[in-house]
Amino acid sequence: MSTLPRRRFLGLVGAGVGAGLVGTTSCGTDATGGGDGGGQMQVWVLQEEAQNVAHRVALDHFNQGSDTKARLVSYSNDGYRDKLHVAMGSDNPPAVFYNWGGGSIRAYARDDLLVDLTPHLNEDQAWKDRFIPSVLDAGQIDGKYFGIPARGMQPIILFYNKAVFRDVGVQPPKTWNELLAVTDRIKRAGIIPFALAGGDPWTELVWPEYLVDRIGGPQVFERIAAGEQGAWRDPAITRAITMISDLVQRGAFGDSFASVRWEGAGASTLIAQGRAAMHLMGSWEYTNQVTDQPEYAANDLGFTDFPVVDGGTGDPKAIVGNPTNYFSISKDTPNVDAAIKFLKDEMASDAYIDAWLKAGDVPAVTNLEERMDAATDPEFAELVYDMVAEAPSFQLSWDQAVERHLAQPMLDALAKVFLGQLDAAGFVKANEDAS
Amino acid sequence: MVAGVDTRTGEEAASDESPRPGPREPARPAVSRPRSWYLLPAALLFGLFAAFPLVLVVFLSFTEWEGIGDPALIGLDNWVRLFGDQRVLDVTGTTLLLTVLCWVTQTPAALLLGVWAAGPQRNRAILSSIFFLPLLLSTAALALMWQRLLDPYFGLATELGPLRNLLGTGTGAIAAIVFVIGWQYIPFHMLLYQAAARNVPKVLYDAATLDGASRSQMFWQITLPQLRNTIITSSTIMVVGSLTHFEIVLLLTNGGPGTATYILPFEMYIRGFRALEFGYASAIATVLVVLATTVSLVIVKFSGFAKMRSTLEGM
């Protein structure tokens with residue numbers, strides 16, 4: 001083992017290799033670096049207009065009472081992580097940045113690039129108590145808090161188009177067998193049973209996540225995430241993958257799902273237009289529909305729990321998805337104090353919570369019942385809130401939970417399952433080969 | 001006679017020269033060549049942005065590094081892994097397939113369009129500038145545009161009927177990438193051929209016309225041989241360029257469906273930025289550099305381009 005002086009090495013690499021690579025892929029709105037000069041701090045978020053309304057509310061409010069001005073910088077989902085990774089390795093990281101907790105910041109926490117928020121939270125118990133403990137804890141790395149919940153809780157929900165269900169004459173499925181029956185009837189009516197943006201395999205991951213949990217409970221994946229030998233060979237994995245292959249063969253996702261990309265909202269538009277009947281997707285799907293297809297969101301957007309699998313031992317109340325997104329603070333910025341103040345003052349403020357509720361998100365704060373009136377759709381907000389409150393477990397998305405180098409092989413193998421190129425045994429083998 | 005290998009004495013060298021008759025070569029004026037420090041700006045830029053990162057990448061290929069923190073030297077581990085990696089082999093196969101397909105589709109199209117654009121036809125200038133437009137757009141914008149156009153439900157692909165799932169099949173996705181790359185770069189190669197075709201001396205065609213040659217005969221017997229050096233230049237750019245396409249794959253297919261459109265630069269990106277295995281990614285990058293250099297050297301060597309013989313010899 002030998003090492004180089006880190007800063008100098010990183011500066012060189014940042015200039016020469018990384019910047020050129022990333023410059024081509026990200027679609028930055030304004031700034032190209034994380035510069036925080038002159039009483040200004042950057043807050044990095046994704047380029048999602050519907051969601052950034054709430055961030056702007058927080059920033060505007062903060063800027064009124066602060067000498068250090070916060071500025072929102074957004075990048076498209078495709079390039080955000082690369083951009084962030086290069087910036088975190090440079091001398092100029094963003095003061096505050098949006099992340100997914102877990103694997104998305106583990107490397108930064110290990111390398112001591114983040115502000116440990118644990119003492120600040122313990123010091124200010126009232127602040128800490130504002131957040132739902134299970135969600136706040138889900139952002140922990142090695143027992144320390146590195147992120148404050150920065151948007152809604154995002155369980156995966158089974159969305160359905162009420163108008164299509166009415167026309168075909170079916171009810172939302174409660175069990176897997178019902179789901180298969182509903183799928184067949186909808187397909188016979190000439191409608192795609194499930195919208196799916198299969199061009200981006202993470203959208204397919206929600207299926208094994210739920211099925212494995214329903215069949216074998218949360219511990220099946222916990223063993224995989226912990227890197228246990230032979231964990232992928234659990235019969236629950238094999239059964240779930242076989243069920244998915246069967247579903248694909250039934251035509252549950254139409255014949256062209258592999259060409260549909262997530263960016264461009266193809267899948268969401270299909271269900272909104274009634275050309276697809278269901279969509280297994282995160283709660284952000286609802287937020288997007290409220291913005292993009294307000295009429296559908298107001299009238300025909302239905303939602304329900306993922307069905308129970310016969311003979312499965314998992315709790316039917318268990319959920320999967322992203323507990324929430326977090327804001328973390330870089331240690332190496334001149335504005336650490338201002339950044340902490342920003343998170344303290346704004347992340348649980350009434351204005352911020354109301355803005356999220358209005359955008360269709362359900363923030364991970366306690367006592368949300370009092371503010372439910374601000375929600376565009378209180379029924380949906382309550383469903384999400386209750387789902388999280390009642391869930392015995394909230395499994396973080398698999399691609400976020402496993403070590404980074406195992407995520408892509410897993411997604412590639414799953415994509416091949418959906419394409420009919422791999423069976424359950426092949427899927428297990430591909431994942432074992434990668435680890 | 002090359003200085004430095006000349007071990008003979010000055011006398012011998014002088015006597016070697018003496019029997020040769022004819023006028024002495026005039027001494028070259030000292031100021032006719034730029035001083036060597038004129039090279040400095042170019043050498044600095046090249047060193048900083050090409051040579052140095054290259055050395056760095058080779059160095060990184062012997063380390064394990066997450067992109068932040070300190071790279072740890074691990075010897076040949078990445079290289080041992082690379083040569084036993086079936087996946088890298090598959091990806092290299094796809095890369096070579098893409099390279100061949102790009103050359104096979106782009107060369108004839110660019111050549112014909114270039115020769116056509118060199119002619120005196122009416123509207124030629126206007127049409128040529130329209131053909132040229134795709135080259136002016138950024139690859140990222142093009143890839144995103146085609147991605148939307150190829151959406152099976154809301155894009156133009158809807159009109160393709162059973163073929164609308166183009167990006168969802170391995171063959172279709174590769175075809176789509178080849179098409180979009182061609183769409184963007186054929187104009188550039190067309191420009192090369194246009195310039196070269198204009199340089200073909202008109203007397204050759206006049207003579208051929210007198211001899212009663214047909215237009216296609218003139219193309220095969222005069223234009224094509226005259227364009228030989230340009231074909232080699234264009235092919236080298238095309239082939240080496242095909243080894244480095246990245247944005248188009250990332251944005252148009254994301255390597256999919258499955259792993260059907262993974263090519264080496266994309267695999268390098270996945271290993272580096274998604275898996276945070278920058279050491280292994282650097283090993284792949286080194287392979288790419290070696291591959292691209294070898295391929296261009298081979299093209300130059302076997303095409304006789306190195307001799308730089310003018311196509312106008314004997315004229």
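**Close-up views of a predicted two-chain model**

**View 1. Ala231(A) sits in the loop between helix 11 (219-225) and helix 12 (235-249) of chain A.** As in every view here, the coordinates come from a predicted model. With a relative accessible area of 7%, Ala231(A) is buried. Leaving aside residues up to four places away in sequence, Ala231(A) touches Arg223(A) and Ile224(A). Have a look at Glu432(A) as well: 201 residues separate Glu432(A) from Ala231(A) in sequence, while their C-alpha atoms are 8.9 Å apart in space.

**View 2. Asp361(A) lies in another loop of chain A, between helix 17 (350-359) and helix 18 (378-390).** Is Asp361(A) buried or exposed? Its relative accessibility is 2%, so Asp361(A) counts as buried, the cut-off being under 20%. The side chain of Asp361(A) has a polar partner there: the side chain of Arg151(A), at 2.9 Å. Beyond four places in sequence, the residues that Asp361(A) touches are Arg151(A), Gly152(A), Thr287(A) and Trp356(A).

**View 3. Helix 4 (residues 103-110) of chain A is mostly covered, with 6 of its 8 residues buried.** Which residues of helix 4 are buried? They are Gly103(A), Ser104(A), Ile105(A), Ala107(A), Tyr108(A) and Ala109(A). To follow what surrounds them, trace the elements of chain A against which these buried residues pack:

- the helical partners are helix 3 (77-89), helix 19 (398-401) and helix 20 (404-418);
- the strand partners are strand 3 (96-99), strand 4 (140-141) and strand 12 (326-329).

Just past the end of helix 4, Asp112(A) adopts a positive phi of about 60°.

**View 4. A salt bridge joins the side chains of Lys344(A) and Asp124(A), at 3.8 Å from N to O.** Lys344(A) belongs to helix 16 (residues 336-346) of chain A, and Asp124(A) to the loop between helix 5 (118-123) and helix 6 (125-128), so this pair ties together parts that are 220 residues apart in sequence. Lys344(A) is partly exposed, with a relative accessible area of 26%. Asp124(A), at 24% relative accessibility, is partly exposed too. Over all chains, the count of salt bridges comes to 25.

**View 5. In chain B, Asp206(B) and Lys202(B) form a salt bridge through their side chains, 3.6 Å from N to O.** How many residues apart are the two in helix 8 (residues 202-210)? They are 4 residues apart, which means a separation of about one helical turn. Lys202(B) is exposed, at 61% relative accessibility, whereas Asp206(B) is partly exposed, at 37%.

**View 6. Arg271(B) and Glu267(B) form a salt bridge, their closest N and O atoms being 3.1 Å apart.** Both residues lie in helix 12 (residues 264-274) of chain B, with a spacing of 4 residues, about one turn of the helix. Both are buried. Widen the view to find a network that takes in chain A as well: through shared salt-bridge partners, Arg271(B) and Glu267(B) are joined with Asp412(A), Arg81(B), Arg87(B) and Glu277(B).

**View 7. A nonpolar surface patch on chain B covers about 560 Å².** The residues that make the patch are Ile126(B), Leu127(B), Ile130(B), Phe131(B), Leu133(B) and Leu136(B). One of them, Ile130(B), is found in helix 5 (residues 124-136) of chain B. At 47% relative accessibility, Ile130(B) counts as partly exposed.

**View 8. Chain B carries "transmembrane region" features according to an unreviewed UniProt entry.** The record places this feature at residues 37-62, 96-118, 125-146, 166-186, 231-252 and 278-300. Two of these spans are worth a close look. Residues 37-62 are 81% helix and 0% strand, and the end C-alpha atoms are 35 Å apart. Residues 96-118 are 100% helix and 0% strand, with end C-alpha atoms 32 Å apart.

**View 9. Pulling back to the whole of chain B brings 13 helices and 2 strands into the frame.** The chain has 315 residues, of which 43% count as buried. Its accessible surface comes to about 17800 Å², with 67% of that area belonging to carbon and sulfur atoms. Among contacts in chain B between residues at least 6 apart in sequence, 67% join residues at least 24 apart.

Technical notes:
Residues numbered from 1 in each chain as written. Chains lettered and ligands numbered in written order. Predicted model: local features only at pLDDT ≥ 70, side-chain atom pairs only at ≥ 80, totals over all residues. Heavy atoms only, no water. Buried < 20%, exposed > 50% of the residue type's maximum accessible area, 1.4 Å probe, protein only. Polar contact = N/O pair within 3.5 Å; in protein donor to acceptor, adjacent residues only side chain to side chain. Contact = heavy atoms within 4.5 Å. Patch = residues over 30% accessible without salt bridge, like charges linked within 9 Å, V, L, I, M, F, W, Y side chains within 5 Å. Areas by Shrake-Rupley, 256 points an atom, 1.4 Å probe, with all protein chains shown as cover. Salt bridge = Lys/Arg side-chain N within 4 Å of Asp/Glu carboxyl O. UniProt positions renumbered as here; feature names shortened; annotations may be inferred.
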